[in-house]
Amino acid sequence: MTFFNATLILGIAAIAVPLVLHLVARREPRKVVFPSVRFLTKRFESNRSRLRVRRWWLLALRIAALAALAIALARPAIHQSLSVTWLTIGLVAALGLALLVLATVAISRGQAKTTVYSLTAAAIVSVLVAMIWGITTYASGTAPMQSSSEPVSIAIVLDNAPTSAWKTPNDDRLARMKDLATWMVTRLPRTSRIAIVDRSSQIVSFSLDVASSVSKIEQLQPLEVTQPLAARLDAATRLLRTSDLPNRQILLVTDLAASTWNDSIRESGLAALLADAPPVAMTIFDLGEMQGTNRSLSTPIFADTTPPQGVPIALTSTLSLGSGQTTGQTTGQTTGQTTGQTTGPIAATVELDLFVNDPALPFVRDGKVVRPEMQRLDRTNVRVAPGGSSELLMTIPSLEVGIHHGRIRIVGDDAMPLDDVRYFTLEVLRPSAILMVSDDEDEAQVLKQAIIASPGLVDEEKAEFMVERVGYADLPAVRLSDFVAVLLLDPPATVLQDQSISDFAREGGGIFVTLGPQAGTSAVNDTWTPELIRPWRIPEPGSFLQVTAANHPTTRTLTKDTPWADFRVRQYWQVKPATSDRVLMTFAGSDHPALLERLVEPQPKTTETETNARPGRILMLATPLPALGSKTRSWNDLFGIDPWPAWLLIRQSVELLTRRGESDQNVAVGQAVTVEVSSSDPASRPERIQLFPPGDTSPVPLNLSPEATDVTITDVARGGVYWIRGLDAGSGFSANLPDAATARERIEPGDLDQIFGPDQYVLASDREGIEVAENKASQRVSLHSPAILFVLIVFLLEQVLGNRFYGRQVT
């Protein structure tokens, strides 16, 4: 027996109470004849009839009050599809009551009996029609789903993105998500089908039972690498549509962080997916604004991640202080947790540590990973105002050749621990040998200074590059295999057709060519260089370089605010690129390439023990550099006053050709990393390496094929240093959470209309809102509030009529 039926039975039993009291209290009047008042008999009969009517109405109101109270306590509900039917039944019943009131008025006023009988008959018919119609509808109509007994198919999607790690004494995001999900699971009927979905890449499926659902909720942790929220909602929706239960719901618990609700989810088509049949109801539970204060560090930046030996290394980062809606006051300390609303600048301490390289570490001892110790290198104190930031400049002393890992961290705890520590990896390489071929010693010396110049460099022997110059007449006597890259400054046409230069590129070497007057005046065509058509002269004021490949390593830093228009080009070679060539820069006002890149396929292996060579790379600039000689000065002004753009262009080109900046060992979490494993001695190449992720995770063995030159690591799931055993000492890389991943910006609730459609979701901020959403999802219309209002009206009418009735009797 349901709660609704039991309450109705008790209500019907309670209706008999006023009837019994009415019959018990009723007494027959004694007849006493007073001759002096006989003339009042007629008036008395009229009043007695009127009182009898009022007495029955008072009894009816008392019965109706008890019945309505019983119905209200039973929390009645109807199916949404029958709302209009029940409204019509109510109107018919109200019409019957109105006719009954009119019949009563007619009796009290002594109206004609035909009028009284007609009104009474119409009232009785209306009430009977309403009762029969209501009973028929209740018995045969669609029954509403009762949340306490009807099973539901539900997917609880928990947005455990990095912002879920927010934790203060007043706002523990992860604990709130777990409590809400557990409350939701434990209140559902046992026969419900429940799926717990987080932002991981796990397959979405229904849990076996409530216990397994609760267990999965308790294991929830903030994730640094998350799947797109749209993909998880899509998978949850498709899973629910495989269920046979008619009531299908999604409960999304999120903080509406802008880092999660980005442009991709707006274009995911979730509105159309939810609108498909069978319907799936969406409820979004908003965890609200983040309460507390957070200090965060940006990803460290180095001017050069492959610095030369013996040079101090500068590291820059930004410490920001974000404050939101909070309760309480800040502690104002660098140690301990800042949890309240700050009213002034706070002090913060940042430390710089470096891992001490040990060839024997890391390793596993007694089931635990032993990693290298850390050495403190620098420490700085800053004061930051709420909502402000402070630039940090820290220094790493000169390092020996090899790979080095370190970190910077904020001392103390705050609301978001994920952005308090940042990791970095530096590789100090031996100098790269570069051959510069030029017949102009002065121009060669200028470019050499631009190439080897490094901040803090004192000894030229410790520079990143060792540059050796020869003339074109001596080029055939040079063994090119001794060099990593070759720079050809204003080469003759015969050099552009030299087979030895082509072989050097096919062996993986890098070549930088700057075309000038020595190439002649006629077309030059060869297999390893783009086709030279003719020299091209531009009238004054000339043209200038403009970047077309903004994401290329050579031009990445030359796209914003670079005053190329101040460095004019008056003459250049018109070059015809091949379809496989990439145009990095053009001359303004034309589509003529200014800087091209060509990748040269390596030579095939001659033996099975030989490893695959890397492709060679050729960069060709269609105008000379530095164009300071008597023959080249009229071509351009790229090395004019303060020529930092040209200096940076040649510097980045050389770094790319020598592969010093090719493999970035500082990546974002979730980004695949390629680690070079090739060796000049095939016998020394390892067959297996071990990857040691951050934390207490066990090492991951990686097998290498004999012909492999590198290995790609795709599982970069959290920030920290990833050590690799089996290669050179200290091998590995660092991963950091992107700065935007922990940003506190939120989307507006109105933006949800664009994502899901205005009528296809319910936004809740408390548990009562979830219950309302459940009723809407189950097409259940609650009559509890109208029933309570009806009880109040009936009691008020009973009080008014009772006061008038008993007041008249006293008088």
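Here is a short tour of some charged side chains in this predicted model.

Before you click: local features need pLDDT of at least 70 and side-chain atom pairs count only at pLDDT 80 or more, while totals for chains, interfaces and linings use all residues. Residues are numbered from 1 along each chain as its sequence is written, and side-chain values use heavy atoms, leaving out hydrogens and water.

**Stop one.** Select Glu351 and Arg379. They form a salt bridge (a side-chain nitrogen of Lys or Arg within 4 Å of a carboxyl oxygen of Asp or Glu), with the closest N and O atoms 2.1 Å apart. Glu351 sits in strand β11 (residues 346–355) and Arg379 in strand β14 (residues 374–384), 28 residues apart; strands here are DSSP runs of E, at least two residues, and helices are runs of H or I, at least four, both numbered from the N terminus. Glu351 is buried at 4% relative accessibility, but Arg379 is partly exposed at 47%. Buried means under 20% relative accessible area, exposed over 50%, partly exposed in between (1.4 Å probe, protein chains only).

**Stop two.** Now add Arg376 and Asp353, which meet in a salt bridge at 2.4 Å, N to O. This pair also links β14, home of Arg376, with β11, home of Asp353.

**Stop three.** Jump to Arg651 and Glu464, another salt bridge, at 2.4 Å between the closest N and O atoms. Arg651 is in helix α13 (residues 644–657), and Glu464 lies 187 residues away in the loop between α10 (441–452) and β19 (465–470).

**Last stop.** Pick Glu427 in strand β17 (residues 421–428). Glu427 is buried yet has no salt bridge; Arg660, the nearest side chain of opposite charge (Lys and Arg positive, Asp and Glu negative; His and chain ends not counted), is 8.5 Å away.
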